[in-house]
Amino acid sequence: MKSGSVTIAYPMAGDSLGGSHHSLLGLLKGLDPEVYRPVIILENPNGRLAEHFAGFEQRPDPAPPRESFAVGRAFSVSKFASTFTGIGRRATLLREIGSTIVHSNDGRTHATWAFAAKRAGCQLLWHHRADPYAKGLRYLAPFVADQIVAVSEFSLSGMRPSKARQGAQVVFSPFDVDVKADRTAMRQRLLTELGAREDTIICGYFGSFIDRKRPLEFMNAVAELRAMLDRPVVGVLFGETTYPELETAMRARMQEPDVVGAVHIMGYRSPGVDWIAAVDLLLVTAVSEPLGRTLVEAMLVETPVIATRSGGNPEAILAGLGALVEPDNAGAMARAALDTLNDKDALAEMTARAKESAKARFSEDTHIAKITQIYRNLSAG
């Protein structure tokens with residue numbers, strides 16, 4: 001093939017930075033530039049995503065919505081219909097850049113770019129990272145996607161039997177499995193920032209503040225663990241929200257007697273893996289999460305994981321690599337956390353096994369090889 005002979009368009013909705021964008025950046029860095037020409041298409045050409053993908057060719061969305069569709073909000077029929085007016089302009093852009101493949105990475109881009117891809121004659125790679133019962137996956141993808149890829153078996157579990165379901169593939173998101181973090185130094189840095197004692201147990205939450213991730217349940221688990229121990233316990237939430245009502249509820253919960261002064265909203269920080277290394281436990285309270293990045297990152301830096309037995313969590317936290325508990329049960333999560341902390345020898349063995357397992361299953365090389373093969377198949381078709 002000639003240099004960059006396969007042009008792949010990566011449309012981006014909104015301007016919030018999430019796990020899918022980190023995964024995609026790792027993929028783009030690993031693509032052979034002699035074969036693939038990635039083009040990032042942005043609703044906001046001067047925002048956070050533009051900066052995140054700096055170094056790659058970028059184009060503005062020719063039909064940006066007046067207001068970006070919010071992450072986690074239901075995508076109604078009327079919202080979907082509102083995307084129709086931009087189909088022609090988007091298809092024109094795809095033809096202008098010579099796109100062979102459109103690789104859409106979330107529900108908003110599936111909805112806004114699927115028909116444009118089809119009108120432009122592009123192959124559509126529908127990368128599903130969300131709810132298995134998402135309407136787009138169930139009712140639209142089987143008819144418009146040339147290939148469906150999901151981040152976990154759980155993410156595909158809501159699809160009805162069809163040819164599209166039979167051909168769908170699971171490809172775990174990519175991670176830098178050689179990442180290193182100084183757990184001792186980062187923990188001390190966090191203790192200093194919090195003004196906390198050396199014997200404090202630090203529980204971490206990492207991710208957007210959305211209902212599915214259950215930030216309030218994280219606070220409840222911290223409260224339960226505090227009641228079980230005679231040493232300090234704090235909960236730190238790294239992330240941000242676009243839902244003022246949820247943040248209001250979180251801040252109100254922080255003032256209640258069982259957690260007042262012991263729960264802290266830390267904001268978004270990068271690189272997040274350094275801060276994951278700083279905590280003593282990662283408490284993953286999310287339900288129906290396709291496959292959380294923080295679970296894998298925690299395994300790679302040997303932070304113990306206590307997660308809900310929900311969504312794709314069991315696909316990441318295999319037996320012996322962490323603890324799984326029933327969702328929406330703060331007491332069960334706190335008891336599992338306490339059991340994990342109390343057996344130090346078993347804890348060291350568990351985190352070492354988890355690291356090796358994560359390195360074997362979630363490497364960037366493995367992800368790139370699988371997606372590249374899909375690109376080859378699509379471009380040949």
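An open sheet of six parallel-paired strands runs in the order β10-β9-β8-β11-β12-β13. Strands and helices here are DSSP runs (E, at least two residues, for strands; H or I, at least four, for helices), numbered from the N terminus. Two strands count as paired if DSSP finds at least two bridges between them. The edges are β10 (263–267) and β13 (323–325); each has a single partner strand, so one side of each is left without a neighbour in the sheet. On average, neighbouring strands of this sheet are turned by 25° against each other, direction ignored. The model is predicted; local features need pLDDT of at least 70, side-chain atom pairs count only at pLDDT 80 or more, and totals for chains, interfaces and linings use all residues. Residues are numbered from 1 along each chain as its sequence is written, and side-chain values use heavy atoms, with hydrogens and water left out.

Within the six-stranded sheet, β8 (residues 201–206) and β9 (residues 233–238) pair in the parallel sense. Six bridges join β8 and β9. Ile202 has Val234 of β9 as its bridge partner. Helices lie across these strands. Helix α11 crosses β9 and β10, running at about 145° to β10. Helix α13 (residues 293–300) lies across β8, β11 (281–284) and β12 (305–308). The direction of α13 makes about 160° with β11. Axes are lines fitted to C-alpha atoms, for helices over the stretch in contact, and angles run from 0 to 180 degrees between N-to-C directions.

Helix α11 (residues 244–254) also packs with helix α10 (residues 215–228). The angle is about 10°, and the axes are 10 Å apart. The two helices α10 and α11 are therefore roughly parallel, a term for angles under 35 degrees; over 145 is roughly antiparallel, 65 to 115 roughly perpendicular and the rest oblique. From α10, the contact (heavy atoms within 4.5 Å) takes in Pro215, Leu216, Met219, Asn220 and Ala223. From α11 come Leu246, Ala249, Met250, Arg253 and Met254. Eight of the residues in the contact of α10 with α11 are nonpolar, one is polar and one is charged. Ala, Val, Leu, Ile, Met, Phe, Trp, Tyr, Cys and Pro count as nonpolar, Asp, Glu, Lys and Arg as charged, and the others, Gly among them, as polar.

Several loops flanking these elements hold backbone exceptions. Arg214 lies in the loop between β8 and α10. Its phi is positive, about 55°, although Arg214 is not a glycine. Ser288 sits between β11 and α13 and likewise is a residue other than glycine with a positive phi, near 55°. At 32% relative accessibility, Ser288 counts as partly exposed; buried means under 20%, exposed over 50%, and partly exposed in between (1.4 Å probe, protein chains only). The peptide bond from Ser270 to Pro271 is cis, with omega near 0°. Pro271 belongs to the loop between β10 and α12 (272–278).

A second open sheet has seven strands with parallel pairing, in the order β3-β2-β1-β4-β5-β6-β7. Its edge strands are β3 and β7 (169–170), each pairing on one side only. Helix α1 packs on this sheet and touches β1, β2 and β4. The direction of α1 makes about 165° with that of β1. Strand β6 (residues 147–150) is covered on both faces. Gln147 and Val149 are buried on one side, Ile148 and Ala150 on the other. Strand β5 (residues 123–128) pairs with β6 in the parallel sense over four bridges, and Leu125 stands opposite Gln147. On to β7, β6 runs parallel and is joined by two bridges; Ala150 stands opposite Val170. Helix α6 (residues 135–144) lies across β5 and β6, at about 160° to β5.

Helix α4 (residues 87–96) has Ile87, Arg90, Ala91, Leu93 and Leu94 buried. These residues cover an arc of only 155° around the axis, which puts them on the same side of α4; the arc is that of the directions from the helix axis to the C-beta atoms. They pack against β1 (6–12), β2 (36–42), β3 (57–60), β4 (99–104) and α5 (107–119). Gly98, just after α4, takes a positive phi of about 70°. Gly98 is in the loop between α4 and β4. Its relative accessibility of 39% makes Gly98 partly exposed.

Helix α1 (residues 19–30) also packs with helix α17 (residues 364–380), at about 75° with axes 10 Å apart. That makes α1 roughly perpendicular to α17. Gly26, Leu27 and Gly30 of α1 meet Glu364, His367, Ile368, Ile371 and Tyr375 of α17. Four of the residues in this contact are nonpolar, three polar and one charged.
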